[in-house]
Amino acid sequence: MDEKQTKNENLGQGQTWLEKIAATILMPHSPSDFLGLVNLAVKKGTIDTDSRDMIKGVLNVASSSVGNIMIPRTQMATIHAGMTSKEIIQTVINSSHTRLPLFSENREDVLGILHTKDLLKIVVQYTDLSLEQLKSALRPAIFVPESKKLDSLLREFKSSHNHLAIVVDEYGVISGLVTIEDILEEIVGNIEDEFDEENTQITRINDNEFSVDALTEIEDFNDYFDCAIDDNEVDTIGGLVINQLEHLPDVGEEIVFGDFTFRVTAADKRRVRTLHVIRKNNA
């Protein structure tokens, strides 16, 4: 072996050693370490903030469960046995979804998933839809527990070509549903198409009065009004009102909390729907 070859080999070994040292220093040992490197890359201009947010979304999908992002049962768009053809079609139109669960008449058992494309095929053949005709168009429903990890469900969706799953709690009771779009939105942010309507949860009536959807997150409410309402026991403004009253309120009931008066303007036997909010004028 000549001297030049020996020097090259030693240089190569030196580079390998340096690379190992660099890898040891830069190797993240936790998700927070990794995000630290990502944030550094943003500061250096290596990647942009959108890319960073997507990376955060991927990490969130890897650590979150279905129960964290599912659509609660009370907000599910569904059809059920016993509905007329007109009611079914109107429900599909109002929901703007392409897949809807079909429940039995007692609304406890899911018979299957109805795709609007399959619905159209039988609507053009029959004036009045029978339950048997609906059942013939159903696709099997898949059920997943609230504890299932999002990354695992995403792989399952991909392999099975399903786009929707019914979520059940530890007792097997239906608690909501989750779609492939819900998971992807955790990575890329909200996905809207031409049929999505803007979700306006807070509507200004005048300078001090507002109409507020009861499902508005307290965090979003605080951002809108630049305030600091805090209730660690609930997540929504409707939940705040119920928590303060300690019962499901009737229309017209109200509470005063901080600088705001909340009056229930719409409610049913299960939840508050809308609130009239008056902000104290501190001027």
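**Stop 1: His-115**

Select His-115 in this predicted model. Leaving aside neighbours within four places in sequence, His-115 is in contact with Thr-98, Arg-99 and Arg-139. Show those three residues alongside His-115. The histidine belongs to strand β4, residues 110-115. Is His-115 buried or exposed? Its relative accessibility is 11%, so His-115 counts as buried; the cut-off is under 20%. Now display the backbone of Lys-117. The side chain of His-115 reaches the backbone nitrogen of Lys-117 at 3.0 Å.

**Stop 2: the whole chain**

Zoom out and colour by secondary structure. The chain carries 11 helices and 12 strands. It has 283 residues, of which 33% count as buried. Consider the contacts between residues at least 6 apart in sequence: 41% of them join residues at least 24 apart.

**Stop 3: the open sheet**

Select β1, β7, β6 and β5. These four strands form an open sheet, in the order β1-β7-β6-β5, with mixed pairing. Which strands stand at the edges? They are β1 (71-72) and β5; each has a single partner strand, so one side of each is left without a neighbour in the sheet.

Move to β6, residues 164-168. Five of its five residues are buried, so β6 is largely enclosed by the rest of the structure. Turn the strand to see both faces. Leu-164, Ile-166 and Val-168 are buried on one side. Ala-165 and Val-167 are buried on the other.

Next, look at how β6 is paired. Strand β5 (residues 143-145) runs parallel to β6, joined by three bridges. Pick Val-144 to find one pair: its bridge partner in β6 is Val-167. On the β7 pairing, the sense is antiparallel, with five bridges between β6 and β7 (residues 174-179). Here Val-168 has Ile-174 of β7 as its bridge partner.

Add the helices that pack on this sheet. Helix α8 (residues 150-160) touches β5, β6 and β7, and its direction makes about 65° with that of β7. Helix α9 touches β1 and β7; its direction also makes about 65° with that of β7.

**Stop 4: α3 against α9**

Keep α9 on screen and add α3. Helix α3 spans residues 49-63, and helix α9 spans residues 180-188. At what angle do α3 and α9 pack? The angle is about 135°, and the axes lie 6 Å apart. That angle makes α3 oblique to α9.

Show the side chains at the contact. From α3, select Asp-53, Met-54, Gly-57, Val-58, Asn-60 and Val-61. From α9, select Ile-183, Glu-186, Ile-187 and Val-188. Colour them by class: the contact has six nonpolar, two polar and two charged residues.

**Stop 5: β9, β11 and β12**

Jump to strand β12, residues 272-279. Strand β9 (residues 209-213) runs antiparallel to β12, joined by five bridges. Select Ser-211 to see it stand opposite His-276 of β12. Then take β11, residues 260-267. Seven bridges join β11 to β12, and these strands run antiparallel. Val-264 stands opposite Leu-275 in β12. How many residues does the hairpin use to join β11 to β12? It passes through four residues.

**Stop 6: helix α11**

Select residues 237-245, helix α11. Its buried residues are Ile-237, Gly-238, Gly-239, Leu-240, Val-241 and Leu-245. What covers them? The cover includes α10, β10 (254-257), β11 and β12. Step past the end of the helix to Glu-246. This residue follows α11 and has a positive phi, near 65°.

**Stop 7: Asn-222**

Finish at α10, which spans residues 218-225 and holds Asn-222. Asn-222 counts as buried, at 13% relative accessibility. Where does its side chain reach a backbone nitrogen? A polar atom of that side chain lies 2.9 Å from the backbone nitrogen of Ile-229. Leaving aside neighbours within four places in sequence, Asn-222 is in contact with Cys-227, Ala-228 and Ile-229. Display those three residues with Asn-222 for the last view.

Note on methods. Residues numbered from 1 in each chain as written. Predicted model: local features only at pLDDT ≥ 70, side-chain atom pairs only at ≥ 80, totals over all residues. Heavy atoms only, no water. Helix = DSSP H or I, 4+ residues; strand = E, 2+ residues; numbered from the N terminus. Buried < 20%, exposed > 50% of the residue type's maximum accessible area, 1.4 Å probe, protein only. Polar contact = N/O pair within 3.5 Å; in protein donor to acceptor, adjacent residues only side chain to side chain. Contact = heavy atoms within 4.5 Å. Axes fitted to C-alpha atoms, helices over the stretch in contact; angles between N-to-C directions. Parallel < 35°, antiparallel > 145°, perpendicular 65-115°, else oblique. Nonpolar A, V, L, I, M, F, W, Y, C, P; charged D, E, K, R; others polar. Pairing = 2+ DSSP bridges.
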